[in-house]
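This report describes a pocket, several helix contacts and some details of the backbone in one protein chain. The reader is invited to keep the structure in view while following the text.

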Amino acid sequence: MHDIKAIRENPEAYDRAWGSRGLAPQTPAILELDARLRAAQTAGQTAQSRRNEASKLIGQAKAKKDEAEAQRLMAEVEALKATLNEQGEVEREAGEALRTLLATLPNLPAADVPQGEDEHANAEVRRWGEPRAIANAKDHVDLGEGLGFIDFAAAARMSGARFVILKGQLARMERALGQFMLDLQTQQHGYTEVSPPLLVNDAAAYGTDKLPKFAADLFQTIDGRWLIPTAEVPLTSVVMGQITAEAELPLRMTALTPCFRSEAGASGKDTRGMIRQHQFYKVELVSITAPDKSEEEHERMTACAEAVLRALELPYRTMLLCTGDMGFGARKTYDLEVWMPSQGTYREISSCSNCGDFQARRMDARTKAAGDKGTRFVHTLNGSGLAVGRTLVAIMENYQDEAGRIAVPAVLQPYMQGLTHIEAAR
């Protein structure tokens, strides 16, 4: 959500920022609705004040036995009632239209975000590890089916496309990955593990900017709740409507949850394999910070996500997304892209975003420093630490051998009772 007062004071800055994200000027419509809203509020307040005054004068006129004046004042009060109703309706309609418009407009990019229309303008910040030279590298589908541990056909029969069944040692590795990621973030990086609800209400989905814009990308239950597309939604919503003492910040939370996405906007993309699924596991990282600490926290969070890839010895690069490629609620985003041998390129495995006060305004999440009278909106950050399915895919492809086996990364072996290789059952 956006600060209407700030838009009034500097509309050109907002239109420039939204223009960098591919939008036409928005402030003319915003300011017109704002003017209508404020005019209706002023007219309503003036009418209410006069109505209160006239109501008092009726009693005075009756005390003086001036019936004519009393009748005139009573007629005026009745007319003012109609004015109040009329202006109240204008205020309601203009306010609703203004809130709806503001809710559909993305966050403003940070000053150091590159300008650009799409991923081609993203800037590489760093890369780590050397891609392994693998002759005739197989993709994860061929590897998994060759081992007998992936079954897309059975999943499709019971659930449709974009679902998968993992079996045997691949299912075990998926479980091991989630546990390893949680242990790393809680034991080494200070995140608190949380087991949150997987169903949330409209307020939580709206507060984390998933509604109204992305309703088609979510799954909704028959009682109106939403299946979470990521644990960002319930973790961030912990502070919804709350005032958190600044001394308690930052709040750092992590969760391993299933995630559910309709992928309404991804028709035809990544239809083969496990890259883009309706249901998948992910370890989420969420931080709630004081406003002046979020940039520092963003760098820290990104490093925490990178630590997973380094521990797994998976080559990756860190990309700073441009204005045209950032998510709706982000003011700055780093994507981590892992090397995929079968594709000969890097693919996204994590996004770490600083949302500033964008989500906090939508959910009214504030902080208060000791001794201060006023409050400030917190800043919220979220990142993948990591997407478990995509990490599994990256391990399968990067750790394959000519026989179709998959070596188990050293850090995962304790989670798999010392298993060193995944190979077909004999």
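## The second largest pocket

The residues that line the second largest pocket of this predicted model fall into 7 nonpolar, 3 polar and 7 charged. The space in this second largest pocket is about 230 Å³. Its lining consists of 17 residues, of which His2, Ile4, Leu98, Arg99 and Leu102 are the closest to the centre of the pocket. Which helices each supply at least two residues of the lining? They are helix H1 (4–9), helix H3 (27–63), helix H4 (67–103) and helix H11 (358–363).

## Helix contacts

Three pairs of helices are considered here, and the table gives the packing angle and the distance between the axes for each pair.

| Helix pair | Packing angle | Distance between axes |
|---|---|---|
| H2 (residues 11–19) and H3 | about 135° | 10 Å |
| H5 (residues 140–147) and H12 (residues 388–398) | about 80° | 9 Å |
| H7 (residues 168–187) and H10 (residues 294–311) | about 130° | 10 Å |

Helix H3, which supplies at least two residues of the pocket lining, also packs with helix H2 at an angle of about 135°. H2 and H3 are therefore oblique to each other. On the side of H2, the contact involves Pro11, Tyr14, Asp15 and Trp18, which meet Thr27, Pro28, Ile30 and Leu31 in H3. Sorted by class, this contact of H2 with H3 has 6 nonpolar, 1 polar and 1 charged residues.

How are helices H5 and H12 oriented to each other? Their packing angle is about 80°, and for this reason H5 is roughly perpendicular to H12. In H5, the residues His140, Leu143 and Gly144 meet Val393, Met396 and Glu397 of H12. The contact of H5 with H12 comprises 3 nonpolar, 2 polar and 1 charged residues.

The pair H7 and H10 packs at about 130°, and the two helices are therefore oblique to each other. The crossing in which H7 passes H10 is right-handed. From H7, the residues Phe180, Met181, Leu184 and Gln185 take part in the contact, while H10 contributes Cys304, Ala305, Ala307, Val308 and Ala311. The contact of H7 with H10 has 8 nonpolar residues, 1 polar residue and no charged residues.

## Details of the backbone

Two cis peptide bonds may be located in the model. One runs from leucine 211 to proline 212, with omega near 0°. Proline 212 is placed in the loop between helix H8 (202–207) and strand S6 (226–227). Another cis peptide bond joins glycine 385 to leucine 386, and its omega is near 20°. Where does leucine 386 have its place? Leucine 386 is in strand S15 (residues 379–387).

Lysine 65 is a further residue to examine, as its phi is near 60°, a positive value in a residue other than glycine. Lysine 65 is found in the loop between H3 and H4. Both H3 and H4 supply at least two residues each to the lining of the second largest pocket.

Definitions and conventions
Residues are numbered from 1 along each chain as its sequence is written. This is a predicted model: local features need pLDDT of at least 70, side-chain atom pairs count only at pLDDT 80 or more; totals for chains, interfaces and linings use all residues. Side-chain values use heavy atoms; hydrogens and water are left out. On a 1 Å grid over the protein atoms alone, a cavity is a set of points where a 1.4 Å probe fits but cannot get out, and a pocket is an open set with protein on both sides within 12 Å along at least five of seven lines; lining residues have an atom within 4 Å of a point. Grid points are joined across faces, edges and corners, and a volume is the space filled by probe spheres set on the points. Helices (H or I, at least four residues) and strands (E, at least two) are DSSP runs, numbered from the N terminus. Ala, Val, Leu, Ile, Met, Phe, Trp, Tyr, Cys and Pro count as nonpolar, Asp, Glu, Lys and Arg as charged, and the others, Gly among them, as polar. Axes are lines fitted to C-alpha atoms, for helices over the stretch in contact, and angles run from 0 to 180 degrees between N-to-C directions. Angles under 35 degrees count as roughly parallel, over 145 as roughly antiparallel, 65 to 115 as roughly perpendicular and the rest as oblique. A crossing is left-handed if the near helix is turned anticlockwise from the far one by less than a right angle, and right-handed if clockwise. Contact means heavy atoms within 4.5 Å.
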